[in-house]
Amino acid sequence: MYTSIGTGPAIFWLVLFSALFAAAGILYARRWRESLEDFVVARNTQGPIATFATLLASALGAWILFSPPEAATWGGIPAVIGYALGSMSPLVAMLLLGRRMRQLMPHGHTLTEFLLTRYGRPMYALTLAIMVFYVFIELTAEITAISMLMTLLAPVPMGLTATVVMGTVLLYTAVGGLRASIFTDKVQILIIVPMLLALVAIGWHVSGGASGVTSRLAEKAPALLDFGDAGGLKAGATFFVAILLTGIFHQGNWQRIYAARSIQDMQRGFLLGGLFVVPFILLMGLFGLAWVAMEPGGEASVALFALVMPNLPAWVALAFIPLGLALVMSSADTAISAITSIIAVDGARLLPQARPARLLRLARILVLVLAIPVVVVAAQGLSVLYLFLLADLLCAAAAFPVFLGLYSRRHDGVDALVATLAGLAAGLWMFPRPGQPLDTLLESFLLAACVPIVVTGLMRLLRRQRQTFVLESLDDGVRRFDREDAQPASDDKAPLPTQA
């Protein structure tokens, strides 16, 4: 039977493990000459295995301990499958989008850089606001998750947990940038994978195995086991669409597009990352089914903990601290590094005379300012699910208008802006209001994603006279912060020193 480990010991281990992760990132970063180019994209330095490890660690945030099990409790197996495939889909989509971007903008840094060069300021400003909003919500959700996890282990104030975790992540990302983030991801994945597998083994033992769970569910909630259940299929489709159309806007993914040693290494790493994220989501979702079968009590959002923790001694439950930290910090440092890169690269356009060192200082200061409301909101333990869904809707509306510009020369900023706004209007029309049931989420996402396609076609008919964009000129709009470190990769032009 689990008993609280106590506030003092819990804080001690929280601080210790956080400091160890931060120290690893800082010590690694000290090996490299710091430049803005290296800080933002670590261009052409990561092989396929390193790319795979950092993507998997970044994709497996602390949310996997809460969201897939909860989704399984009301959507069953179809919802979990949709969740898993949705988590895979952005990484698979990057096989095409990332290759195209590296071919057209081999010296690029951020998605926003492409937006400004390709579409002009109005579309750039709208999409930038969407991307920053999403990163803020994601970061807040991750810090909230680790704060809630600590309260399950011991009566630790949520504000204290949020401050410690956010502070240590800021520390090593401010020093080492993307290089430090990728290195700590590789360390953290070595903790995440075996601990998650150990959790599955414990859950298997507690629940009596698959036969015990399925027999109980067949009596209590047979719909959860039905692959053809209408409600579960709709929930799964909603997860898939929302995660796909949001993930392709995550700047952390675009950084890793350029950090990969070559296009081939990038594609191998993203494919492996996408394939390996699926089984972990599925395994975590099974805890929700076991929770319904076993009826251990508690809320669905903490199904995993309600099922496992009563059967753990306190010293074993301590393992949740490094696991939770590894999950959170691998995702949080990706988000912080992403927003830092956007600030630094876009700040270069606002301050064209500023030297890279000044832009780097500006980015660090603004990220620190952004971290303050993240910690404040996370300390309240509030659900950011509604805001997360709203961010998903915004990304869904912008997806087709933004990425069509990678392939179509006739697509321009006017078409992209009008189509995005039309998608937003259509999606918001069906989007549930705060406090209402989420019954029309899928319809709102599909409207937001599909209306821009129709509007773009109509704009083609109405605006026949237009200039075509020379896609090969995209790279001319890139500011090269450090030319000697910004050569294209082996399959673009020339290789740079690599890591496995």
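In the predicted model, A42 is found in the loop that runs between α2 (36–41) and α3 (48–59). Although A42 is not a glycine, its phi is positive, at about 45°. A42 is buried, its relative accessible area being 0%. The loop between α2 and α3 also holds N44, another residue other than glycine with a positive phi, in this case near 60°. N44 has a relative accessibility of 2% and therefore counts as buried, the limit being under 20%. As a rule, most residues other than glycine have a negative phi. Both A42 and N44 depart from that tendency.

With respect to overall architecture, the protein chain contains 18 helices and 0 strands. Its radius of gyration is 23 Å, close to the 23 Å given by the globule rule for 500 residues, so the chain is as compact as a globular protein of that length. Along the principal axes, a box of roughly 70 × 55 × 40 Å is filled by the C-alpha atoms. Buried residues account for 57% of the 500 residues of the protein chain. When contacts between residues at least 6 apart in sequence are considered, 86% of them join residues at least 24 apart.

The surface and the charges of the protein chain were also examined. The exposed area amounts to about 19,200 Å², of which 69% is supplied by carbon and sulfur atoms. The chain carries 33 positive and 29 negative charges, and the mean positions of the two sets lie 9 Å apart.

Aromatic side chains form 14 pairs in the model. One of these pairs consists of F66 and F305, whose ring centres are 5.4 Å apart and whose planes meet at 40°, so the pair is classed as tilted. F66 belongs to the loop between α3 and α4 (67–104), whereas F305 belongs to helix α12 (residues 303–308); the pair therefore ties together parts that are 239 residues apart in sequence. Both F66 and F305 are buried. In addition, a single aromatic cluster is formed by W63, W74, Y83 and F239.

F239 also appears in the surroundings of G82, a residue of helix α4. Beyond its neighbours within four places in sequence, G82 makes contact with G236, F239 and F240. The relative accessibility of G82 is 8%, and G82 accordingly counts as buried. Between the C-alpha atoms of G82 and L233 the separation is 7.8 Å, while the two residues are 151 residues apart along the chain.

D265 is placed in helix α11 (residues 263–294). This acidic residue counts among the negative charges and, with a relative accessibility of 4%, is buried. Once neighbours within four places in sequence are set aside, the contacts of D265 are with Q46, G47, P48 and A260. Of these partners, P48 is the residue at which the numbering of α3 (48–59) begins.

A further buried position is C395, at 1% relative accessibility, in helix α16 (residues 385–403). Residues up to four places away in sequence being excluded, C395 touches I130, L245, T246 and F249. The C-alpha atoms of C395 and I243 lie 9.6 Å apart in space, with the two positions 152 residues apart in sequence numbering.

L16, by contrast, is partly exposed, with a relative accessibility of 30%, a value that falls between the 20% limit for buried and the 50% limit for exposed residues. L16 is part of helix α1 (residues 7–29). The C-alpha atoms of L16 and D185 are separated by 18 Å, and these two residues are 169 residues apart along the chain.

Definitions and conventions: Residues numbered from 1 in each chain as written. Predicted model: local features only at pLDDT ≥ 70, side-chain atom pairs only at ≥ 80, totals over all residues. Heavy atoms only, no water. Helix = DSSP H or I, 4+ residues; strand = E, 2+ residues; numbered from the N terminus. Rg over C-alpha atoms; globule rule 2.2 N^0.38 Å. Buried < 20%, exposed > 50% of the residue type's maximum accessible area, 1.4 Å probe, protein only. Contact = heavy atoms within 4.5 Å. Areas by Shrake-Rupley, 256 points an atom, 1.4 Å probe, with all protein chains shown as cover. Charge placed at Lys NZ, Arg CZ, Asp CG, Glu CD. Phe/Tyr/Trp six-rings, centres within 6.5 Å; stacked < 30°, edge-to-face > 60°.
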